[in-house]
Amino acid sequence: MVHSIEALRVGAQVSTYLDDTYLEQVDTRVIAVGERGGTPWAAVEHCLFHPQGGGQPADRGWLEDTEIIPVRDRESGLVLAMAPEDGSLLPLTEGQKVRARIDLQARTAHAALHTAGHLVEAVGRMQGWEMAGSNHFPGQARIEFQAPRTDARLADPEGREEVTATLRAAAAAAIADDLPVFARCLADGRRVVHLDALHAAPCGGTHVRSLGDLAEVGLPTLKVKKGRIRVSYSATHVPYTATHGSR
């Protein structure tokens, strides 16, 4: 599958996309190259690219001026910058210096949806529900819950709208308070994302700096299907114009 599996195991990769959601480009070096199913890839030391996973879409990214698709390699655990199916990578060698870049507009859109998903989970848990699934893709974003106890409010449309209004009010209050969003790593290596003291959950996604960065957060009336409570949602990032330099 790879030209240099030992390089993948030995070469250290820094998950830069987890360190700074808003970093647009970084100067780094290639730590391994290879092919996967006939498609060329490169792994870089400072990985700016979030791969698809955890309900979040992959970043759109480039190495120099060549567009890539980030994919996590299960064997090594590293993120590979792969050539698109109809494209190719520029010739790269281990140790070569390269500039990595992402589409920051797409990144902030994904981060806003992912963070809003944590917020929806938080206000759902206030109702005594337990999260059963999530999706943070644009146009598909939703959190699914299970209720340990029967909730009579969910039995009819008026009751479901009443509960949804409660969720909307709780989410709006947290956004108005501009609660900080931050991550901490536990002793066992797990990364836990916090919405201040409101909520905490293990997560490997990208997030906004604080809930005040969220805009146009919408929650249509929730639905109940096959015993699950489905709360769909939408969110965008407030206009973001700050300039972030490369390392």
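**Exercise 1. Find where Lys226 sits, and work out whether this residue is buried or exposed.**

Start with the location: Lys226 belongs to the loop between strand 13 and strand 14. Helices (H or I, at least four residues) and strands (E, at least two) are DSSP runs here, numbered from the N terminus. A quick word on the model: it is a predicted one, where local features need pLDDT of at least 70, side-chain atom pairs count only at pLDDT 80 or more, and totals for chains, interfaces and linings use all residues. Residues are numbered from 1 along each chain as its sequence is written, and side-chain values use heavy atoms, with hydrogens and water left out.

Next, accessibility. Buried means under 20% relative accessible area, exposed over 50%, and partly exposed in between (1.4 Å probe, protein chains only). Lys226 has 82% relative accessibility, so it counts as exposed. Last, check the backbone: Lys226 isn't a glycine, yet its phi is positive, near 55°.

**Exercise 2. Do the same for Glu64: what is its phi, and where is it?**

Glu64 is another non-glycine with a positive phi, about 55°. You'll find Glu64 in the loop between strand 3 (61-63) and strand 4 (66-72). Its relative accessibility is 33%, so Glu64 is classed as partly exposed.

**Exercise 3. Take helix 4 apart: what is its span, which residues are buried, and what do they pack against?**

Step one is the ruler. The expected span of a helix is 1.5 Å times one less than its number of residues. For the 20 residues of helix 4 (residues 157-176) that gives 28 Å, and the end C-alpha atoms are indeed 28 Å apart.

Step two is burial. Gly159, Arg160, Val163, Thr164, Leu167, Ala171, Ala174 and Ile175 are the buried ones. Looking down the axis, these buried residues fall within an arc of 150° (taken from the directions from the helix axis to the C-beta atoms), so they line one face of helix 4. The general rule helps here: an α-helix has 3.6 residues a turn, so residues three or four places apart point the same way. Over on the other side of helix 4, Glu158 and Ala176 are exposed.

Step three is the neighbours. The buried residues pack against helix 3, strand 12, strand 13 (223-225) and strand 14 (228-232), where contact means heavy atoms within 4.5 Å.

Step four is the ends. Asp156 caps the N-terminal end, with a side-chain oxygen 3.1 Å from the backbone nitrogen of Glu158. After helix 4 comes Asp178, which has a positive phi near 50°.

**Exercise 4. Which residues does Leu211 touch, and is Leu211 buried or exposed?**

Leu211 lies in the loop between strand 11 and strand 12. Its relative accessibility is 0%, so Leu211 counts as buried. Ignoring neighbours within four places in sequence, Leu211 contacts Thr115, Leu119, Ala174, Ile175, Asp178, Leu179, Val181 and Leu195. For a long-range pair, try Leu211 and Ala116: they're 95 residues apart along the chain, but their C-alpha atoms are separated by 8.2 Å.

Now the core. A nonpolar core is a set of buried Ala, Val, Leu, Ile, Met, Phe, Trp, Tyr and Cys residues joined through side-chain atoms within 4.5 Å. The largest one has 54 residues, and Phe49, Leu63, Leu119, Trp129, Leu211 and Val231 touch the most other members. Helix 3 (residues 104-125) supplies the largest share of this core, eight residues. Apart from it there's another core of seven residues, including Ile31, Trp41, Ala43 and Leu80.

**Exercise 5. Which loop holds Asp213, and what does Asp213 touch?**

Asp213 is in the loop between strand 11 (199-202) and strand 12 (214-218). With a relative accessible area of 8%, Asp213 is buried. Leaving out residues up to four places away in sequence, Asp213 touches Tyr22, Asp178, Val208, Thr236, His237 and Val238.

**Exercise 6. Describe how strand 9 and strand 10 are joined.**

Two strands pair if DSSP finds at least two bridges between them. Strand 9 (residues 181-185) and strand 10 (residues 191-195) run antiparallel and are joined by five bridges. One of the pairings puts Ala183 opposite its bridge partner Val193 in strand 10. The two strands form a hairpin with five residues between them, and Gly189 in the turn has a positive phi of about 95°.

Conventions:
A polar contact is a pair of N or O atoms within 3.5 Å; within protein, one must be able to donate a hydrogen and the other to accept it, and residues adjacent in sequence count only if both atoms are side-chain atoms.
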